[in-house]
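Please look at the structure shown below and follow this report alongside it, first through a sheet and then through some pairs of charged side chains.

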Amino acid sequence: MKQTEILEVLKRYISREILDGRDIGLDGSTPLLEWGIINSMEIARIVSFIQNRFHIGIPDDKIIAEHFINLSVLSHLVVGLGKGG
Amino acid sequence: MSLKDLLIQSARHMPEALAVDGPDGSITYGELDLVANRITWGLYDLGVRTGDRVGIWLDKSIRSVAAMQGVLRLGAAYVPLDPLSPASRVRTIIKDCDMRALVSTAKGAEATLTGEIGNIASLCADMGGPGLCWDDLQSFSDKPFEGPETGDNDLAYILYTSGSTGKPKGVCISNLNALAFVEWASDELKVKKSDRLSNHAPFHFDLSVLDIYAAFHTGASVTLIPDMMSYAPRRLVNLIRQKKITIWYSVPSVLILMMEQGGLLDEQSIPLRAIVFAGEPFPIKHLKRLYERWPAVRYLNFYGPTETNVCTFYEVKGIEDGRSKPVPIGRECSGDRVWAIKNDGTEIKPGEEGELMVSGPTVMLGYWGRSPHGDKPYPTGDIVRLEKDGNYEYIGRQDHMVKVRGHRLELGEIEAALGEHPVIHEVAVVVSGSDMNTRLIAFIACNGNEHPTFLDIKRHCAERLPRYMIVDDVIFLDELPRTRNGKVDRLNLKRDADYIQEIKRTSNETN
């Protein structure tokens with residue numbers, strides 16, 4: 001999948017599961033951690049969603065704040081891991 | 001003896017021993033002592049003097065620990081600031097306690113030290129920025145700074161907590177306040193040189209005082225756990241194993257995450273000999289699982305508001321089947337005296353409830369900018385019940401102060417921040433749920449028909465409040481419900497919030 005497609009899937013997940021559909025203004029650059037949209041519990045849920053949806057596991061050492069800053073960064077990480085990196 | 005002497009003495013007796021293991025490397029007592037001396041001379045060069053306040057706005061690191069020690073050696077007081085706080089809140093605190101200097105990053109200094117506080121001295125822990133940067137410290141002496149003797153009642157540090165009026169308030173802790181707790185805790189936990197303590201709590205949180213200073217007091221080492229590692233509970237469990245942590249101290253929420261998602265109960269063995277928890281009640285079903293999986297570990301529940309540090313403790317020595325309440329907060333410690341009083345001012349007897357009072361060496365000097373607290377007892381605002389065996393059991397709060405995932409906060413501060421939004425006419429924030437499911441819910445009435453989006457509200461909070469105070473949910477109403485005497489009907493709002501959260505939880509579980 002392309003990065004833009006992954007970003008859309010992740011955006012829909014956050015909109016549905018975390019924001020209850022109230023996603024006006026949510027895009028690739030929205031600060032997810034800084035605005036308190038996601039916390040450690042939700043990060044664990046997102047990691048699990050990515051595993052189930054894309055069959056891509058995020059290694060523990062990649063589960064750091066820098067990779068969850070926004071959807072754009074997170075989707076790049078997923079693409080990179082999907083390519084074996 | 002003062003707080004600064006703990007590191008100095010360990011450096012003298014065991015310079016080669018590991019002092020701090022952090023995300024930026026590890027450092028021995030001898031090396032840390034020299035870095036602290038250079039910081040002291042650097043801060044002196046910047047104009048910091050005995051009695052001044054110096055802010056430390058850094059991620060957790062060896063440099064931030066060294067900065068604290070450098071400040072203390074000048075006879076000044078450090079003010080640890082939440083790395084996740086927005087610059088606007090940091091500026092409020094800088095102004096409130098009239099800081100002389102800020103130790104931060106170049107980016108942090110540029111975001112805060114402007115306008116009316118643009119003349120505050122700056123030491124940057126990285127490169128660039130105004131004032132001194134870290135590499136500049138090499139040009140300063142590593143010899144001890146011969147400052148004035150530090151007295152028991154001299155200010156050591158200020159911890160800012162949430163304030164009900166919308167402005168954070170600074171809890172002033174003296175050398176005696178901190179040492180009385182550190183000495184008691186080191187003794188109770190029998191901390192020795194071979195121990196490795198974990199430091200999970202951020203430095204602006206009073207839990208971190210034990211980790212750092214009990215290590216320095218005994219020549220043990222402390223392992224700093226960066227905030228971002230909390231996102232990966234498995235990494236925390238791996239860290240315990242790899243770093244051979246012997247004493248763990250955190251809020252129960254973190255331990256629950258480590259059990260639920262980090263595999264703490266699945267390990268073959270663990271190096272821990274003591275698990276200390278504080279900051280919120282530990283749900284008994286989770287504590288029981290932990291206790292039964294690792295029965296050789298000591299489990300201690302520490303209790304105390306920031307204003308008194310730890311004033312009671314309880315050691316878990318068995319959890320009976322069928323117990324549904326959390327373990328007690330226990331009995332007095334740290335040389336303090338604790339008791340509880342009823343509304344009529346008389347002391348409670350076994351079986352009765354009342355407000356917990358504290359007096360003794362750990363009770364704060366006072367709030368910054370207000371009159372000293374003096375020798376009078378500190379009323380905690382916590383309602384407790386005295387059990388027949390002499391232990392106190394925590395019942396709840398008697399005001400709007402709440403704990404959310406271990407963080408203490410005043411709902412009034414969140415309401416004041418939201419009230420600054422130009423469209424918001426009225427707001428009430430309530431807490432719904434408990435333990436890991438605790439949520440901050442804002443009920444908002446706006447001036448006209450248009451109301452801000454959910455993400456607008458999130459951003460508005462993020463620009464004014466620390467991250468743990470950003471509301472989790474928002475419900476817009478035409479107007480807030482009132483009681484018969486005209487006050488906002490918070491009980492009604494809480495019932496609504498609980499109902500809505502329950503529906504969401506059920507819906508999530510069904511999906």
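## A sheet in chain B and selected salt bridges

In this predicted model, Ala445(B) stands opposite Leu477(B), a residue of strand S26(B). The two strands S25(B), which covers residues 439-446, and S26(B) pair in the parallel sense, and five bridges join them. They belong to an open sheet of three strands in chain B, arranged in the order S24-S25-S26, and the pairing within this sheet is mixed. Because strand S24 (424-432) and strand S26 (473-477) of chain B each have a single partner strand, they stand at the edges, and one side of each is left without a neighbour in the sheet. From one strand to the next, the twist averages 25°.

A helix also takes part in this picture: helix H11 of chain B, made of residues 411-419, packs on the sheet and touches both S24 and S25 of chain B. The direction of helix H11(B) makes about 150° with that of S24(B).

The second topic is charge. Side chains of opposite charge can pair when their charged atoms come close. Over all chains, the structure holds 37 salt bridges, and the table gives some of them with their N to O distances.

| Basic residue | Acidic residue | N to O distance |
|---|---|---|
| Arg45(A) | Glu17(A) | 3.5 Å |
| Lys4(B) | Asp5(B) | 4.0 Å |
| Lys95(B) | Glu116(B) | 3.1 Å |

What does the salt bridge between Arg45(A) and Glu17(A) tie together? Arg45(A) lies in helix H2 (residues 40-54) of chain A, while Glu17(A) lies in helix H1 (residues 3-17) of chain A, so the pair ties together parts that are 28 residues apart in sequence. Arg45(A) is partly exposed, with a relative accessible area of 32%, and Glu17(A) also counts as partly exposed, at 22% relative accessibility.

Are Lys4(B) and Asp5(B) buried or exposed? Lys4(B) is buried, because its relative accessible area is 14% and the cut-off for buried is under 20%; Asp5(B), at 18% relative accessibility, counts as buried too.

Lys95(B) and Glu116(B) form a salt bridge that ties together parts 21 residues apart in sequence, since Lys95(B) lies in helix H4 (residues 87-96) of chain B and Glu116(B) in the loop between helix H5 (106-112) and strand S6 (121-124) of chain B. Here Lys95(B) is partly exposed at 38% relative accessible area, whereas Glu116(B) counts as exposed at 61%.

Finally, a network of salt bridges links Asp20(A), Arg22(A), Asp473(B) and Lys504(B).

Notes
Residues numbered from 1 in each chain as written. Chains lettered and ligands numbered in written order. Predicted model: local features only at pLDDT ≥ 70, side-chain atom pairs only at ≥ 80, totals over all residues. Heavy atoms only, no water. Pairing = 2+ DSSP bridges. Helix = DSSP H or I, 4+ residues; strand = E, 2+ residues; numbered from the N terminus. Axes fitted to C-alpha atoms, helices over the stretch in contact; angles between N-to-C directions. Contact = heavy atoms within 4.5 Å. Salt bridge = Lys/Arg side-chain N within 4 Å of Asp/Glu carboxyl O. Buried < 20%, exposed > 50% of the residue type's maximum accessible area, 1.4 Å probe, protein only.
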